Each structure stands twice: as structure tokens, then as C-alpha cells.
Amino acid sequence: MKVKSAWVGLLMFSALAGCGGAATTGSPAPASCVAYANDNSGTIVASYESSVGAIRQLPAVANNPQLASYADNEQATVCYIDGQIPKGPPPPASGTIPPSFDRAVLVVVGDQTYPVTLGYSENMPVQAP
């Protein structure tokens with residue numbers, strides 16, 4: 001029976017990984033991170049449970065005004081998502097399409113999700129708080 005349970009667990013993990021729901025490192029990702037990844041045809045490359053204070057120390061999140069009202073000791077999760085994340089408003093019909101971002105950093109505090117940084121993976125390495 002243990003082999004069957006392990007096999008079922010592996011199948012469930014594989015299914016989640018295919019739809020952007022699995023974190024490769026750290027903690028399980030909150031549903032809002034999974035939804036954001038799915039909306040952008042992306043994958044969650046890392047998710048870490050920590051505190052707002054520890055997450056504020058990450059270069060990608062430092063000095064973000066969206067987190068200013070939270071105490072340092074509040075529980076929070078940071079998620080790194082890779083996918084094709086479109087930039088700003090669409091260009092005019094005669095304009096050129098700017099390249100999409102390929103990494104988003106989200107912070108989840110309670111029931112609020114904040115996309116705190118959008119950019120390129122080569123400039124935003126995954127870092128644990």
C-alpha cells in the first residue's frame with residue numbers, strides 16, 4: 001500500500017507542476033499565486049512562507065509601499081512565478097509590442113496578494129527570505 005500511496009502522490013505532484021501549481025523550492029504556494037501563474041501560463045518556481053519583515057529584506061521587495069502597513073512579524077508568503085507577463089497597456093495598432101516580462105514576485109499577507117515586482121529572471125534571482 002505504501003508504494004501505491006507514493007505513486008498517487010507523485011501523480012498529483014506532476015499534475016500540479018503541469019498547471020503551474022507546484023513550487024520547486026520552499027513552501028506550498030497559496031491559491032492566489034497558483035491563480036496568477038495559471039493566468040499568465042506560467043509556473044511557480046519558488047514559494048517561501050516567512051514574515052513580512054524577512055520578506056522586506058529581499059532586494060525584489062525592499063521598500064515596496066504596498067507592504068508598509070503590515071507589522072514585521074505578520075505571516076506572509078513570497079512567490080516567484082515565471083511566465084510571459086505582458087507589460088503595461090497594449091501598444092497602439094501601429095506600434096511595436098514590447099517584450100513581455102518573464103518573472104513576477106508576489107507577496108501574500110492574509111487574504112491580500114500583491115504583485116510587488118515584475119521583470120526579467122536574469123535580473124531577479126530566486127531568494128529565500
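Biologist: How much area does the protein chain expose, and what share of it do carbon and sulfur atoms supply?
Modeller: Welcome! You are looking at a predicted model, where local features need pLDDT of at least 70, side-chain atom pairs count only at pLDDT 80 or more, and totals for chains, interfaces and linings use all residues. Numbering starts from 1 along each chain as its sequence is written, and side-chain values rest on heavy atoms, leaving out hydrogens and water. With accessible areas from the Shrake-Rupley method (1.4 Å probe; for residues, only the protein chains shown count as cover), the protein chain exposes about 7,500 Å², and the share from carbon and sulfur atoms is 60%.

Biologist: Which pattern do the helices and strands follow along the sequence?
Modeller: Helices (H or I, at least four residues) and strands (E, at least two) are DSSP runs, numbered from the N terminus. The protein chain has 3 helices and 4 strands. Read along the sequence, their pattern is α-α-β-α-β-β-β.

Biologist: What percentage of the residues count as buried?
Modeller: Buried means under 20% relative accessible area, exposed means over 50%, and partly exposed lies in between (1.4 Å probe, protein chains only). Applied to the 129 residues of the protein chain, this gives a buried share of 37%.

Biologist: Which residues are buried in H2, and which strands do they pack against?
Modeller: In H2, the buried residues are Cys33, Val34, Tyr36 and Ala37. They sit on the same side of H2, because their arc around the axis (taken from the directions from the helix axis to the C-beta atoms) is only 160°. On the other side of H2, Ala31 and Asp39 are exposed. The buried residues of H2 pack, by contact (heavy atoms within 4.5 Å), against S1, S2, S3 and S4.

Biologist: Which residue with a positive phi follows H2?
Modeller: The phi in question is near 50°. The residue that follows H2 with this value is Ser41.

Biologist: Which two cysteines form the disulfide?
Modeller: The structure holds 1 disulfide (a pair of cysteine sulfur atoms within 2.5 Å). It links distant parts of the chain, one cysteine in helix H2 (residues 31-39) and the other in strand S2, 46 residues apart. The link is right-handed, with 90° about the S-S bond, and both of its cysteines are buried. The sulfur atoms 2.2 Å apart belong to Cys33 and Cys79.

Biologist: Which tyrosines form an edge-to-face aromatic pair?
Modeller: Rings of Phe, Tyr and Trp (its six-membered ring) pair if their centres lie within 6.5 Å; planes under 30 degrees apart are stacked, over 60 edge-to-face, and the rest tilted. That rule gives 2 aromatic pairs. One of them is edge-to-face, at 6.0 Å centre to centre with 65° between the planes: Tyr70 and Tyr114.

Biologist: Why does this pair tie together separate parts, and how many residues apart are they?
Modeller: Tyr70 counts as buried at 16% relative accessibility, and Tyr114 does so at 14%. Tyr70 lies in the loop between helix H3 (52-56) and strand S2 (75-85), and Tyr114 in strand S4 (residues 112-119), so the pair ties together parts whose separation in sequence, in residues, is 44.

Biologist: Which residues does Ser50 touch beyond four places away in sequence?
Modeller: Ser50 lies in strand S1 (residues 43-51) and is buried, with a relative accessible area of 16%. Its C-alpha atom is 9.5 Å from that of Ser27, 23 residues apart along the chain. Leaving out residues up to four places away, Ser50 touches Ile55, Glu74, Gln75, Ala76 and Pro129.
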